[in-house]
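I opened the model to look up a few residues and strands and to note what I found. The entries follow in the order in which I made them.

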Amino acid sequence: MARQFIRPLSNSGIFTSSATPNAFLPLISVTGKQGCLHSVTTISATPNVKIRVTVDGVLTYDSISAGASQVIGITRIQYILNSGATHRTPNTPFASSNFTTTQTGYPFTAGTPSLAFIVLPIPFNNSLLIEIAHTGTSINNINYEYQLSTE
Amino acid sequence: MYTFVEQLVYKQDNYPDGSSITQYVGLFTQQRETEEEIITESFNLEQGTYIEVNRSPKGA
C-alpha cells in the first residue's frame, strides 16, 4: 500500500541569530520519515543569507543571496503566480527587485546566488535537513518560509 | 560578572516509530553569569520537547 503524505508542515517567521558568520544552523530537521519538500525560501534586508538543503544525507541545494532583499531557496513554480484575481501577478516576495536573483534548476550545489524552481515536490525517504547561515557579524533577522509534508 | 547569552530554541516532536521532527522556534536572550558553563538544555511541554542549543556568549 502506497504511503500518503498527509501531515502538512509549514512555517514562516524570522530566524534571529548573532551566531558566527557563515555557521550553518538547522531550520528544520526530519529524521526517520518519508515526505516531500514543497518550498523553502529566505529573504533578509542585511546581511547575505545562505541556505543548505540535505535530502537523505545528500546535499542537493547550496546557495547564498546576492545582496539585500534577495529571495533564495527552492520554490515550486506554481507558488510564484498565485496571487491576484487573474493568478498572473507574482507573489510579493518574488516581485520587483526581490526577484532578481539568478534562477536555476534543482539540484543546485554551486553555493552561488540562485533561486531553484521545481515543478513537483522534492521527495525524501528518510531524512531532510534545512540549514541557514548569514554573513553578518551582529544579530541578524532572516525571514524564512517552508512547506513540506510527511507521512 | 554577567553577560548576555542567546538561546536558539527548537521544538522536537518524537514519534513512537523512532522518527522525529525538529523545528526552529525562535531566539531568546538572557543575562547570565559569564562563567556559566555553556550547555544544552531540554524541557518538556505539552506540544513536545523544547531544546535550547547553541548557547554562547553574545557580548560582554
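**Pro107(A).** I asked whether Pro107(A) is buried, exposed or partly exposed. I found 17 C-beta neighbours inside 10 Å, and because burial takes 20 or more, Pro107(A) counts as partly exposed. I placed Pro107(A) in the loop between β7 (103–104) and β8 (115–118) of chain A. Leaving aside neighbours within four places in sequence, I list Thr60(A) and Tyr61(A) as its contacts. I also took the C-alpha separation between Pro107(A) and Ile6(A): it is 25 Å, for two residues 101 apart along the chain. I note here that the model is predicted, so every value in these entries is computed from predicted coordinates.

**Chain A, overview.** I counted one helix and 11 strands in chain A. Reading from the N terminus, I get the order β-β-β-β-β-β-α-β-β-β-β-β. Of the 151 residues in chain A, 32% are buried. I then looked at contacts in chain A between residues at least 6 apart in sequence, and 74% of them join residues at least 24 apart.

**Strand β3 of chain A.** I went through strand β3 (residues 35–43) of chain A and found seven of its nine residues buried, so the strand is largely enclosed by the rest of the structure. Which strands does β3(A) pair with? I found three partners, entered below.

- With strand β11 (residues 140–150) of chain A, β3(A) runs antiparallel over eight bridges; Ser39(A) has Gln147(A) as its bridge partner there.
- With strand β9 (residues 122–124) of chain A, β3(A) runs antiparallel, joined by three bridges; Cys36(A) is bridged to Pro123(A).
- With strand β6 (residues 72–76) of chain A, β3(A) pairs in the antiparallel sense, again over three bridges; Thr41(A) has Gly73(A) as its bridge partner.

**Nonpolar core.** I looked up the largest nonpolar core and found 32 residues in it. Those with the most contacts inside the core are Leu27(A), Val40(A), Ile51(A), Leu128(A), Ile130(A), Ile132(A) and Tyr146(A). Strand β10 (residues 127–134) of chain A gives the most to this core, with five residues.

**Ile132(A).** I took Ile132(A) next, which I found in strand β10 of chain A. Why does Ile132(A) count as buried? It has 22 C-beta neighbours inside 10 Å, and the cut-off for a buried residue is 20 or more. Not counting residues up to four places away in sequence, Ile132(A) touches, among others, Phe15(A), Phe24(A), Leu25(A) and Leu27(A). The same list includes Thr42(A), Val49(A), Lys50(A) and Ile51(A), and also Ile142(A) and Tyr144(A). I set Ile132(A) against Thr60(A) as well: the two are 72 residues apart in sequence and 14 Å apart in space, C-alpha to C-alpha.

**Confidence.** I turned to chain B last and found an average pLDDT of 65, with 33% of the residues scoring at least 70. Among the elements of chain B, strand β2 (residues 20–33) has the highest mean pLDDT, 76, and strand β4 (residues 48–59) the lowest, 52. Where pLDDT is low, the predicted coordinates should not be read in detail. For the complex, I noted an ipTM of 0.80 and a pTM of 0.79 from the predictor.

Note on methods. Residues are numbered from 1 along each chain as its sequence is written. Chains are lettered from A and ligands numbered from 1 in the order in which they are written. This is a predicted model: local features need pLDDT of at least 70, side-chain atom pairs count only at pLDDT 80 or more; totals for chains, interfaces and linings use all residues. A nonpolar core is a set of buried Ala, Val, Leu, Ile, Met, Phe, Trp, Tyr and Cys residues joined through C-beta atoms within 7 Å. A residue is buried if 20 or more other C-beta atoms lie within 10 Å of its own, exposed if 12 or fewer, and partly exposed in between; C-beta atoms are placed from the backbone. Helices (H or I, at least four residues) and strands (E, at least two) are DSSP runs, numbered from the N terminus. pLDDT is the predictor's confidence in each residue, from 0 to 100. Two residues are in contact if their C-beta atoms, placed from the backbone, lie within 7 Å. Two strands pair if DSSP finds at least two bridges between them.
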